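User: I am new to this structure and would like to learn how to read its features. Please take me through them one at a time.
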Amino acid sequence: MKKLAFMLAGFIVLASFGLSSACCAHSNAGGSGVLNLYGRDPITLDPAIAGDSTSNGYIMQIFSGLVRLDDNLEPVPDIASRWHVSSDGLIYTFYLREEVTFQNGTKVTASTFKYAWERACSPTIASQTADIYLGDIKGVPDMLAGSANSISGVRVVDNYTLEVALAYPSSAFLAKLTYPTAFAVDKANVTAGSSWWNKPNGTGPFKLASWVKGKQLVLERNPQYYGSKAKLNKVVFKLLSGIPMSLYELGEIDVSDVSISYFDRVTDPSGSFYTQLVTTPSLSLTYLGFNVSEEPFDDPNIRLAFSMSVDKEKIAKLMFRDMMSHSGGILPPGMPGYNTALKSVPYDVSKAKALIAQSKYGSAANLPKIVITVGGYGGTVSGDLVAIVYDWEKAFGIDIEIRQLSPQLFSYDLREEKDNMFYWGWIADYANPQNFLEVLFGSGASYNVGGYSNPKVDALLAQAAAITDVNAGLILYQMAEQLLIDDAACIPLWTGQNIQLVQSYVKGYRTNALGIVALNEVYIQR
């Protein structure tokens with residue numbers, strides 16, 4: 001799932017369940033409970049176009065796909081009961097469960113997926129995710145370009161057999177299909193009107209019962225669900241109902257992400273919160289990106305100079321304590337291929353000044369105006385970014401501007417609205433280095449917002465994606481990551497973790513490293 005990791009007014013946001021905070025609960029177990037969550041309004045509930053963590057958090061409860069990720073973040077059967085892969089790795093044959101229906105009882109067939117995928121790849125939909133998660137399939141680029149009206153690599157063999165031909169071998173293909181873009185949608189539902197997703201007919205463990213924008217969104221148990229049915233009757237999202245930690249302390253919610261101001265209290269063994277503290281890994285990265293198509297960051301030495309002038313270790317200690325750690329690379333700890341021997345960019349202001357002096361600008365005073373695009377509102381800027389800007393202004397004697405975009409639409413608008421730098425973050429959608437390195441820095445990739453391009457990196461990424469030897473592929477990804485760091489493709493800043501308070505009577509609530517909670521496994525036991 002696409003998720004953004006960012007700081008907002010001192011509150012750690014790592015998209016637990018794809019949302020900014022978590023839940024509370026009342027009632028009892030056995031399918032009769034009601035789970036109350038703190039949440040935000042989704043931008044969309046259309047799986048084909050959703051690209052923000054909040055929207056995807058709801059979508060993954062309402063819809064589902066051929067495969068899903070298990071507790072080890074490995075692809076396992078979902079609507080597809082099994083599959084077969086040809087010896088050359090190019091043909092995937094999926095065998096669907098015959099008992100799967102949409103919420104209204106309509107059968108899910110192989111044609112359902114052909115329709116859903118071709119709709120996602122239609123230029124009229126303008127999906128920002130279809131090329132990433134379906135782009136390995138033969139014919140998808142043609143549909144996205146408008147030169148074809150169907151995906152040549154997708155063939156319906158019979159009602160419950162789907163054959164998918166890839167343009168090239170892809171070791172991460174199954175994992176990509178766990179992203180909402182590849183989920184099943186009901187054609188009759190979709191063609192009912194442009195606002196169809198306000199009343200979605202999905203296949204997931206929950207269905208949308210009601211939604212009053214800005215106030216409340218309610219998910220209801222889907223009795224038609226083919227998998228492990230939800231143990232709760234309803235999940236009630238209280239939309240932007242207050243500060244989560246304050247609500248938790250007042251007893252109005254029963255699970256909350258932990259804000260920095262509460263860190264000492266929740267980690268005090270003698271305090272009341274300590275036994276409720278739950279910490280889990282997060283495959284996330286917060287970073288500063290460069291718009292490499294414009295001055296001054298079209299010059300790799302200027303990018304390197306700015307990278308060298310941030311005292312990340314000091315800022316992490318002062319701002320985050322032990323909640324987040326500074327990062328020297330792009331891949332977070334815990335990601336396959338994480339390289340402990342990576343040569344990161346050192347903190348060296350003297351060398352940074354020398355690099356600028358050797359450039360065509362001669363000195364920092366001659367640099368074009370530096371503007372950083374961030375998500376936010378009301379002039380509130382995260383403390384770590386303020387500290388970074390202070391480091392640069394102190395080192396180079398320049399003024400740097402911060403420009404805010406709507407945080408709700410930030411991931412959708414950033415491509416067109418970015419200035420010469422941007423502050424962004426990513427949480428993995430699947431546990432493969434490709435989901436960071438290629439998705440964020442591959443030439444032409446949708447989420448390569450800064451437009452970075454390096455043929456040597458592209459070649460390594462292509463080799464790594466196609467190779468069947470897992471260990472050999474990880475070595476290639478490590479080589480590509482080192483090239484990206486050497487070329488200052490971005491400034492890696494922080495890697496995080498999920499730090500939450502969970503009341504003892506909330507059972508089965510587990511946030512995985514992708515920030516996802518399987519809400520159908522949650523129940524209340526008082």
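User: Where does the charged end of Arg82 sit?
Analyst: A charge can be placed relative to an aromatic ring by its distance from the ring centre. In this predicted model, the charged end of Arg82 lies over the ring of Tyr95, at 4.0 Å from the centre. Lys213 offers another case: its charged end sits over the ring of Trp211, 5.1 Å from the centre.

User: How many aromatic pairs does the structure hold?
Analyst: There are 24 aromatic pairs. Take Phe306 and Trp392: their ring centres are 5.1 Å apart and their planes meet at 65°, so this pair is edge-to-face, the class for angles over 60 degrees. The two rings come from distant parts of the chain, with Phe306 in helix α9 (residues 300-308) and Trp392 in helix α12 (residues 383-396), 86 residues apart.

User: Are Phe306 and Trp392 buried or exposed?
Analyst: A residue counts as buried when its relative accessible area is under 20%. Phe306 has 0% relative accessibility, so Phe306 is buried. Trp392 is also at 0% and therefore buried.

User: Which kind of aromatic pair do Phe306 and Phe396 form?
Analyst: Phe306 and Phe396 form a tilted pair, with 5.1 Å from centre to centre and 50° between the planes. Because Phe306 belongs to helix α9 and Phe396 to helix α12, the pair ties together parts 90 residues apart in sequence. Both Phe306 and Phe396 are buried.

User: Which residues do ring pairs link into a cluster?
Analyst: The cluster consists of Tyr287, Phe422, Trp424, Trp426, Phe441, Tyr447 and Tyr452, linked by ring pairs. Phe441 also appears among the buried residues of α14, together with Gln434, Asn435, Phe436, Leu437, Val439 and Leu440. Helix α14 (residues 434-441) is mostly covered, as seven of its eight residues are buried.

User: How many disulfides does a search of the whole structure find?
Analyst: A disulfide is a covalent bond between the sulfur atoms of two cysteines. The search of the whole structure finds zero. As for individual cysteines, Cys121 has 0% relative accessibility and so counts as buried. Cys490 has a relative accessible area of 4%, and is therefore buried.

User: Where does pLDDT stay under 50?
Analyst: Where pLDDT is low, the predicted coordinates should not be read in detail. In this model, pLDDT stays under 50 over residues 1-31. The model has 162 contacts beyond four places in sequence for residues 1-31. For the protein, the mean pLDDT is 91, and 94% of the residues reach 70 or more.

Key: Residues numbered from 1 in each chain as written. Predicted model: local features only at pLDDT ≥ 70, side-chain atom pairs only at ≥ 80, totals over all residues. Heavy atoms only, no water. Phe/Tyr/Trp six-rings, centres within 6.5 Å; stacked < 30°, edge-to-face > 60°. Helix = DSSP H or I, 4+ residues; strand = E, 2+ residues; numbered from the N terminus. Buried < 20%, exposed > 50% of the residue type's maximum accessible area, 1.4 Å probe, protein only. Lys NZ or Arg CZ within 6 Å of the ring centre and 35° of its normal. pLDDT = per-residue confidence, 0-100. Contact = heavy atoms within 4.5 Å. Disulfide = S-S within 2.5 Å.
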